[in-house]
Amino acid sequence: MTDSTVRPSAIFYRSPNDEYPVFVHADGYRIRDAEGTELIDLTSGISGAAIIGQGSDAVAKAMVDQVGKISYAHTTGATTPAQEELAYRLTSLAPEGIDRVVFSSGGSEANEIAMRITRQYHLARGEPDRWKIISLYPSYHGATAAALSMTGRWDINRDYEPYLFGSRKVMAPVSFRGPYRGLSAEEVAIQAANALVVAIESEGPESVAAFIAEPIALSTGMAVPPPGYWMRVREICDRYGVVFIVDEVLTGMGRTGRFLCLDHWDVSADITTLSKGLGGGYVALGATLVRDFIAETIGAENRKMAEVHTYSGSAQACAIGIAILDIIEQNDLIEGSARKGELLEVWLTDYLSGLPWVGDVRGMGLFRGLEYVPADNPQGRFSAVSGISAAITKAMWSRGFLSRTMHHNNSVVSDVTTIAPALTISEADLEQGVIALADSISQSGPLWNTDGS
Ligand SMILES: Cc1ncc(COP(=O)(O)O)c(C=O)c1O
């Protein structure tokens, strides 16, 4: 924990009154705090970024080697072999017809670049009235102003509302709670896709530029959209000339058992954004992958995208991205994520689904969620002061695991534990993590405060 008796911290913490653990060392998916407690990290560095684990010698070597060549030249006027190579490698893994990449320094930037490319595309096509962006509720697309505008999370963006642009939200295809509860998977797919049609029609199709969505979102507690939903979304976007942007910042790079999560449904978007696993927790790196017809339309009109960030596509960052891709490929980590994900699903079901507080278990690959309900009310929810998040985190910590549980303050998701370990995690440690979670829930569940549920 932060030790203010030694020296007061100068960090302005996100939650100023909370205590933060101090992590001093990490090796693979094991992480150690300043007091010497070693934990197995089920969160990939809390955010899901540390996808290959930490402390990689190969990444360290790639960093040093790149320093010995060239670290940096602003991409507004130059390129480097590292940037070219990483772009080539990503487009080789992406679906057919996606051959252009813009690099950035993170997920919010990657999504804002997607938004600006969309705008340039419509301007190049002579449709200047197309500027509106539609997104899902709930969703998260980043913390910068435009990314926050596209974000469907009232709990986090309401304070900044005066600075955000209005962006229409449609209900995500979530059925554990909310308006789609009780419907069949097919009905959810149809109704949720129709909600997009209604939004486009009521905004005026000629004014809608893009639809942006995460294939599986942390904000929905890892709810997996029903079969047919993404195919319908693709068809609707095509029908209305709306650019389909998929935010794979969290789900990309093999997290769900395919390179892109959307690959599971054999659907490909017009613009794809990546970040967390791309930099792997070693570097701030984002990428916006662009379908050829969009790049060609913008190119044909010679429209320029002047907006660029100082560190976008730096040789140093790209060299790290290449090293991470090498590790993913050499160790078959994407196939491993699919295989371990299947085991994880079995263990979650076997060890957890009998507990009265576990309402739903869901997700894909190594990206899973566990939603809680009061033991005596399988359709109920806990209040914000229930203390579930702190209780589970503490109970898991005492069993040697770093875990993440969030209280979602909306009508379709409640309290959810996320399981998103490094793709390198051993099967044995993963199973032990699930057992620890079952024990932690059994221990703390009876004490959860149900006031306000
Ligand atoms: C789905 C998604 N999109 C965008 C972002 C924003 O990325 P960054 O924090 O790198 O700006 C995040 C971050 O959590 C995310 O999960």
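This is a short dialogue about reading helices in a predicted model.

Colleague: At what angle do helix α3 and helix α11 pack, and how far apart are their axes?

Modeller: Helix α3, residues 81-93, and helix α11, residues 315-330, pack at an angle of about 40 degrees, and their axes are 8 Å apart. Angles under 35 degrees count as roughly parallel and those from 65 to 115 as roughly perpendicular, and α3 and α11 are therefore oblique to each other. The crossing in which α3 passes α11 is left-handed.

Colleague: Which residues in α3 meet which residues in α11?

Modeller: A general idea helps here: an α-helix has 3.6 residues a turn, so residues three or four places apart point the same way. In this structure A82, Q83, E85, L86 and R89 in α3 meet A315, C318, A319, G321, I322 and L325 in α11. The residues of this contact divide into 7 nonpolar, 2 polar and 2 charged.

Colleague: What span should the 16 residues of α11 have?

Modeller: At 1.5 Å a residue, the 16 residues of α11 should span 22 Å, which agrees with its end C-alpha atoms being 22 Å apart. For helix α4, residues 107-124, the 18 residues should span 26 Å at that rise, and the end C-alpha atoms are 25 Å apart, which agrees.

Colleague: How many residues of α4 are buried?

Modeller: A residue counts as buried if 20 or more other C-beta atoms lie within 10 Å of its own. In α4, 13 of the 18 residues are buried, so α4 is largely enclosed by the rest of the structure. Helix α11 is mostly covered, with 13 of its 16 residues buried.

Colleague: What phi does G126 take just after α4?

Modeller: G126 takes a positive phi of about 75 degrees, and D332, which follows α11, has a positive phi near 50 degrees.

Methods
Residues are numbered from 1 along each chain as its sequence is written. This is a predicted model: local features need pLDDT of at least 70, side-chain atom pairs count only at pLDDT 80 or more; totals for chains, interfaces and linings use all residues. Axes are lines fitted to C-alpha atoms, for helices over the stretch in contact, and angles run from 0 to 180 degrees between N-to-C directions. Helices (H or I, at least four residues) and strands (E, at least two) are DSSP runs, numbered from the N terminus. Angles under 35 degrees count as roughly parallel, over 145 as roughly antiparallel, 65 to 115 as roughly perpendicular and the rest as oblique. A crossing is left-handed if the near helix is turned anticlockwise from the far one by less than a right angle, and right-handed if clockwise. Two residues are in contact if their C-beta atoms, placed from the backbone, lie within 7 Å. Ala, Val, Leu, Ile, Met, Phe, Trp, Tyr, Cys and Pro count as nonpolar, Asp, Glu, Lys and Arg as charged, and the others, Gly among them, as polar. The expected span of a helix is 1.5 Å times one less than its number of residues. A residue is buried if 20 or more other C-beta atoms lie within 10 Å of its own, exposed if 12 or fewer, and partly exposed in between; C-beta atoms are placed from the backbone.
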